[in-house]
Amino acid sequence: MMTLTKTLVETQRRENINHDSKRADFLQKVIEGLEDGILILNKAGKVLHANASAHQIFSQFDQENCNDNFVPPAIWNLCESVLSSQSLISDKMIIFSDEIVLDKSNIFRIRVRLLSLDGFDVPCLLVTIQNKYESLKHVALTEVKKFELTRREAEIWFLYRNNHSYKEIANKLFITINTVKKHMKNIHAKRQASAMLEERYETQN
């Protein structure tokens, strides 16, 4: 009986380890597949983990100094602000955020917060890096399908959603400002028609 119980316990332990390992592999794949950069640092600034997106984004900040343990100064400055506020703020869920602007197509929203992890004696820093342009592009793509925009309207809408002026849109697409205005008028008409359809659907249901 004793031998059987011991065997069952050992089997259960192996199954738990296998389950934990599969879950860790799954989470690793999810993190690596994210478009946003994910970075985990210790309090000394050492990189404990950085996903592929984080490395790709860092290479845009500083190509010469980019390596596995490279943290751009603008990001580390924000991390230091979180650490210096740790004694003043008891809520460890507090999030510090900032923006890094490289150019109009590369604006990064940085969020930093303290993270307590199992197996770590001291809290770590969780840094998320979002490319605002890419996020807006996905939103705009959804809207292009929703409003059934033409190819040219889609090009104009992408730029407009990324805060380009009519003049900038015209210059980028080699068209006149009046052509931009004409397309924007059509886009707004399609948006309004879509909103009316949605409103009618909600009223009926």
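Phe26, Leu27, Val30 and Leu34 together form a nonpolar patch on the surface, and their joint accessible area comes to about 360 Å². A patch is built from residues with over 30% relative accessible area and no salt bridge, where nonpolar side chains (Val, Leu, Ile, Met, Phe, Trp, Tyr) are joined within 5 Å and like charges within 9 Å. The salt bridge excluded here is a side-chain nitrogen of Lys or Arg within 4 Å of a carboxyl oxygen of Asp or Glu. The areas come from the Shrake-Rupley method with a 1.4 Å probe, and for residues only the protein chains shown count as cover.

This is a predicted model, in which local features need pLDDT of at least 70 and side-chain atom pairs count only at pLDDT 80 or more, while totals for chains, interfaces and linings use all residues. Residues are numbered from 1 along each chain as its sequence is written, and side-chain values use heavy atoms, with hydrogens and water left out.

One of the patch residues, Phe26, is found in helix 1, which covers residues 2–33; helices (H or I, at least four residues) are DSSP runs numbered from the N terminus. Phe26 counts as exposed because its relative accessibility is 54%, given that exposed means over 50% relative accessible area, buried means under 20%, and partly exposed lies in between (1.4 Å probe, protein chains only).

Helix 5 offers a view of aromatic rings. The structure holds 2 aromatic pairs, and the rings of Trp157 and Tyr160 have their centres 5.3 Å apart and their planes at 25°, so this pair is stacked. Rings of Phe, Tyr and Trp (its six-membered ring) pair if their centres lie within 6.5 Å, and planes under 30 degrees apart count as stacked, over 60 as edge-to-face and the rest as tilted. Trp157 and Tyr160 both lie in helix 5, 3 residues apart, which is about one turn of the helix. Tyr160 also forms a tilted aromatic pair with Tyr166, at 6.3 Å centre to centre and 55° between the planes. Ring pairs thus link Trp157, Tyr160 and Tyr166 into a cluster, whose members are listed below with their accessibility.

| Residue | Relative accessible area | Class |
|---|---|---|
| Trp157 | 2% | buried |
| Tyr160 | 31% | partly exposed |
| Tyr166 | 27% | partly exposed |

Glu153 is also found in helix 5, and Glu153 is buried, with a relative accessible area of 5%. Which side chain makes a polar contact with the side chain of Glu153? It is the side chain of Lys190, at 2.8 Å, where a polar contact is a pair of N or O atoms within 3.5 Å; within protein, one must be able to donate a hydrogen and the other to accept it, and residues adjacent in sequence count only if both atoms are side-chain atoms. Not counting residues up to four places away in sequence, Glu153 touches His183, Asn186, Ile187 and Lys190, and contact here means heavy atoms within 4.5 Å.

Two loop residues have unusual backbone angles. Most residues other than glycine have a negative phi. Glu148, although not a glycine, has a positive phi of about 55°, and Glu148 is placed in the loop between helix 4 (132–147) and helix 5 (151–161). Phe174 likewise has a positive phi of about 55° without being a glycine, and Phe174 is in the loop between helix 6 (166–173) and helix 7 (177–204). Glu148 counts as exposed at 65% relative accessibility, and Phe174 counts as exposed at 77%.
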